[in-house]
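Please read the following report with the sequence and the structure side by side, and look up each residue as it is named.

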Amino acid sequence: MNAEDLRALQAPFKERYRSDPPTALITLKAEGRVGEGIACRVDTGKALIEAGLHPATGGSGAFACSGNMLLEALAACAGVTLGAVATAIGLVIRNGTVHVEGDLDFRGTLGVSKETRVGFQEIRLTFHLDTDASEEQLATLMRLTERYCVVYQTLRQPPFISVLRA
């Protein structure tokens, strides 16, 4: 796909969202089913994933870790966004990888220390790109990827989240 193809593909969506802004508000959903033991099955739309305790909290390692899944979602979104932005601005990326690392202090998660934050302390997102793009072009690519990556922006500027019991 080239920039012209991408613009043609996205043009009707952009026009509809400009002319009818409420149609741009779409609710994405995820659902998990609490199962036997300490596990939760999540249907990703492509595969069924069963999440459980991380080995650092007593898990066996047989199940996916939801923290890893969050990092994987960031890697996927950032990679897709980078590819779309590169295409839109005419950059050729011959090859590339997205690497995401996140640091957790499990003392918070396990309630060992009330002073320790529950959740990631720091997340690092690194791109390794094989391209002939100039430093200026790469800076633009990174800036626009950050700007338009949904998962990245959600983590940077968290939305209000409500917790309900039905």
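Leu-70 counts as partly exposed, because its relative accessibility is 32%, and this residue is found in helix H2. Together with Ile-123 and Leu-155, Leu-70 makes a nonpolar surface patch of about 200 Å². All of this is read from a predicted model.

Helix H2, which spans 66–88, also takes part in the interior, since helix H2, strand E5 (120–131) and helix H4 (135–148) each supply at least two residues of the largest nonpolar core. That core has 18 residues, and those touching the most other members are Leu-74, Leu-91, Val-100, Leu-141 and Cys-149. The largest share of the core, 8 residues, comes from H2. When residues up to four places away in sequence are not counted, Val-100 touches Leu-71, Leu-74, Ala-75, Ile-123, Arg-124 and Leu-125.

Cys-149 leads to a further point: why is the sulfur of Cys-149 not bonded to the closest cysteine sulfur, in Cys-77? The two sulfurs are 3.3 Å apart, which is too far for a bond, because a disulfide requires cysteine sulfur atoms within 2.5 Å. Both residues count as buried, Cys-77 at 16% relative accessibility and Cys-149 at 1%. A search of the whole structure accordingly finds 0 disulfides.

Charged residues form another part of the picture. Side chains of opposite charge can pair when their charged atoms come close. The count here comes to 6 salt bridges, and the table gives three of them, with the distance between the closest N and O atoms.

| Salt bridge | Closest N and O atoms |
|---|---|
| Arg-124 and Glu-101 | 3.2 Å |
| Asp-103 and Arg-124 | 2.8 Å |
| Asp-105 and Arg-107 | 2.5 Å |

Arg-124 lies in strand E5 and Glu-101 in strand E4 (residues 93–104), so their salt bridge ties together parts that are 23 residues apart in sequence. Asp-103 forms a salt bridge with Arg-124 as well, and this pair links distant parts of the chain, with Asp-103 in strand E4 and Arg-124 in strand E5, 21 residues apart. Glu-101, Asp-103 and Arg-124 belong, with Glu-122, to a network of linked salt bridges.

How buried or exposed are the partners in these pairs? Arg-124 counts as partly exposed at 27% relative accessibility, and Glu-101 counts as partly exposed at 35%. Asp-103, with a relative accessible area of 32%, is partly exposed, and Arg-107, the partner of Asp-105, is partly exposed with a relative accessible area of 43%.

Terms used:
Residues are numbered from 1 along each chain as its sequence is written. This is a predicted model: local features need pLDDT of at least 70, side-chain atom pairs count only at pLDDT 80 or more; totals for chains, interfaces and linings use all residues. Side-chain values use heavy atoms; hydrogens and water are left out. A nonpolar core is a set of buried Ala, Val, Leu, Ile, Met, Phe, Trp, Tyr and Cys residues joined through side-chain atoms within 4.5 Å. Buried means under 20% relative accessible area, exposed over 50%, partly exposed in between (1.4 Å probe, protein chains only). Helices (H or I, at least four residues) and strands (E, at least two) are DSSP runs, numbered from the N terminus. Contact means heavy atoms within 4.5 Å. Patches are made of residues with over 30% relative accessible area and no salt bridge: like charges are joined within 9 Å, nonpolar side chains (Val, Leu, Ile, Met, Phe, Trp, Tyr) within 5 Å. Accessible areas come from the Shrake-Rupley method with a 1.4 Å probe; for residues, only the protein chains shown count as cover. A salt bridge is a side-chain nitrogen of Lys or Arg within 4 Å of a carboxyl oxygen of Asp or Glu.
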